[in-house]
Amino acid sequence: MARVESFEMDHTKVKAPYVRLASIEEGEKGERVAKYDIRFITPNTDTVTTAGMHTLEHLLAGYFRDELDGVIDVSPMGCRTGFYLIKFGVSSLEDVKSAFENALKKVMQTEEIPAANERQCGNYRDHSLEDAKAWAKKVLDEGIGILNKE
Ligand SMILES: [Zn+2]
C-alpha cells in the first residue's frame, strides 16, 4: 500500500484542539497544494456525533472559504475527531489557526444549516446544529494550539 501521511503521525502524542501542517504536494508546474489537520478532539478520547460532524462539514465548507483563498476542500475525518483542510498555496499555521477560530465563531452564530435538504445533501435528515455548536464552543474555550511550525 502507498505511504499515507496521517498513518505516520503518532496519534498518542498529540493533544487537541490544534492545527497542523500535514503535507505539501507540488504539481508539475510548481503549483503547491497544502493539507492541514484541523483537530477538534484528542485522538481516542471522544468523538463528535455523526450528525454534528455532518453539520460542521456543511458550515466549515463555506466559513473556511470566507477566511482563506484557494480552499479546495474541508472534509471530515472518518474517526470523527477533526477535519482535513486542503488548499492551493501554503498558508502559515497562524493564518490557518485564525481561520479556524473565525469559522467556529460563525458556527456559534449560525441559525440555519446551509444545503440541508434532499436536493443538496446526501443525508439531509442526519444533522445537528446543537452538536456542531457544542463542539465549536469547546474548541474555542480550550484554545487552538499550533502543532508544528513550518
Ligand atoms: Zn450533507
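Start with the whole chain in cartoon view: you should find four helices and five strands. Bear in mind that this is a predicted model. Trace the chain from the N terminus and the elements come in the order α-β-β-α-β-β-α-α-β. The radius of gyration is 15 Å, close to the 15 Å that the globule rule gives for 150 residues, so the protein is as compact as a globular protein of that length. Along the principal axes, its C-alpha atoms fill a box of roughly 40 × 35 × 35 Å.

Now switch on the surface. About 8,400 Å² is accessible, and 46% of that belongs to carbon and sulfur atoms. Of the 150 residues, 42% are buried. Colour by charge next: there are 20 positive and 26 negative side chains, with the centres of the two sets 2 Å apart.

Time to zoom in on some backbone details.

**First stop: A16 and P17.** Select this pair and look at the peptide bond joining them: it is cis, with omega at about 0°. P17 sits in the loop between α1 (5-8) and β1 (18-26).

**Next stop: R80.** Jump to the loop between β3 (71-76) and β4 (82-88), where you'll find R80. Its phi is positive, about 60°, although R80 is not a glycine. Show the surface here and you'll see a partly exposed residue, with a relative accessible area of 28%.

**Last stop: A115.** Move on to the loop between α3 (93-109) and α4 (129-142) and pick out A115. Here's another non-glycine residue with a positive phi, again about 60°. A115 is partly exposed, at 27% relative accessible area.

Finally, zoom back out and turn on contacts: among those with a separation of 6 or more, 67% come from residues 24 or more positions apart.

How values were computed. Residues numbered from 1 in each chain as written. Predicted model: local features only at pLDDT ≥ 70, side-chain atom pairs only at ≥ 80, totals over all residues. Heavy atoms only, no water. Helix = DSSP H or I, 4+ residues; strand = E, 2+ residues; numbered from the N terminus. Buried < 20%, exposed > 50% of the residue type's maximum accessible area, 1.4 Å probe, protein only. Rg over C-alpha atoms; globule rule 2.2 N^0.38 Å. Contact = heavy atoms within 4.5 Å. Areas by Shrake-Rupley, 256 points an atom, 1.4 Å probe, with all protein chains shown as cover. Lys, Arg positive; Asp, Glu negative; His and termini not counted. Charge placed at Lys NZ, Arg CZ, Asp CG, Glu CD.
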